[in-house]
Amino acid sequence: MNKIKVLTIAVIALFVINMVTLSFLFFNDQKNDSKKEPKEIIIHKLGFNKNQIAEYEILIKKHKANISRLDNQIKDSKNKLYQQLNLSENKVVTDSILNSLYLYKSEIELVHYNHFLEIKKLCKPEQLDNYNELTQELSKIFAPNRKPKKDE
């Protein structure tokens, strides 16, 4: 074989490999919800219309504000807890702070739970089956190893 045939075969082979790789990435990316924001996943799975999306956006803002408030309270409590390390040991104060942390974290879970009850109220009767399926996937959608986007 001469050099031109070898180069032609190499170029064709590289082109085919590139096309297969791009196709794999394109089609795999569409099937993989882990790269989408939870908001996008929920809207898609429930088939929300424009009005439902607008109401959902309002719910998201309210939810984020509640979680942010609780996160700040947790940070403050943690600071108080770790400041106790520099003071003489006071088991009552430490236990009180730990109890407040527990309550804040429980309240966060309750805020999440109520958020999804509010989402359910947005659903039309024909969307409730999709909502029920979605609730089975929530732990995957919000898994810690998921790489969240900046807008979650």
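## Exercises on a five-helix model

Leaving aside residues up to four places away in sequence, His-63 touches Val-111, His-112 and His-115, a contact being a pair of heavy atoms within 4.5 Å. The model is predicted, so local features need pLDDT of at least 70 and side-chain atom pairs 80 or more, while totals for chains, interfaces and linings use all residues. Residues are numbered from 1 along each chain as its sequence is written, and side-chain values use heavy atoms, without hydrogens or water.

**Exercise 1.** Work out in which helix His-63 is found, and whether His-63 is buried or exposed.

*Solution.* Begin with the elements: the protein has 5 helices and 0 strands, taken as DSSP runs (H or I, at least four residues, for helices; E, at least two, for strands) and numbered from the N terminus. His-63 belongs to helix H3, which covers residues 50–83. Next take the accessibility: His-63 has a relative accessible area of 15% and is therefore buried, the classes being buried under 20%, exposed over 50% and partly exposed in between, with a 1.4 Å probe and protein chains only. Finally look at the side chain, which makes a polar contact of 2.9 Å with the side chain of His-112; such a contact pairs N or O atoms within 3.5 Å, one able to donate a hydrogen and the other to accept it, and residues adjacent in sequence count only if both atoms are side-chain atoms.

**Exercise 2.** Describe H3 by its length, its N-terminal end and its buried residues.

*Solution.* The 34 residues of H3 reach 49 Å from the first C-alpha to the last, close to the expected 50 Å, which is 1.5 Å times one less than the number of residues. At the N-terminal end, Asn-49 acts as the cap, with a side-chain oxygen 3.0 Å from the backbone nitrogen of Asn-51. The buried residues of H3 include Tyr-56, Leu-59, Ile-60, His-63, Ile-67, Leu-70 and Ile-74. An α-helix has 3.6 residues a turn, so residues three or four places apart point the same way. The cover over the buried residues of H3 includes H2 and H4.

**Exercise 3.** Find what the buried residues of H2 pack against, and what follows H2.

*Solution.* Within helix H2 (residues 38–46), the buried residues are Pro-38, Ile-41, Ile-42, Ile-43 and Leu-46, and they pack against H3, helix H4 (91–122) and helix H5 (128–141). After H2 comes Gly-47, which has a positive phi near 65 degrees. On the other side, the loop between H1 and H2 holds Glu-37, which is buried because its relative accessible area is 10%. Glu-37 and Ile-141 lie 104 residues apart in sequence, yet their C-alpha atoms are 8.6 Å apart in space.

**Exercise 4.** Classify the aromatic pair of the structure.

*Solution.* There is 1 aromatic pair. Phe-48 and Tyr-56 have ring centres 5.9 Å apart and planes at 70 degrees, so they form an edge-to-face pair; rings pair with centres within 6.5 Å, and planes under 30 degrees apart are stacked, over 60 edge-to-face and the rest tilted. Phe-48 is buried, because its relative accessibility is 8%, and Tyr-56 is buried as well, at 2%.

**Exercise 5.** State how the predictor's confidence varies along the protein.

*Solution.* The average pLDDT (confidence per residue, from 0 to 100) is 85, and 88% of the residues score at least 70. Among the elements, helix H1 (residues 3–31) has the lowest mean, 78, and H3 the highest, 95. Over residues 148–152 the pLDDT is below 50, although this stretch has 11 contacts in the model beyond near neighbours in sequence.

Methods:
Phe/Tyr/Trp six-rings, centres within 6.5 Å; stacked < 30°, edge-to-face > 60°.
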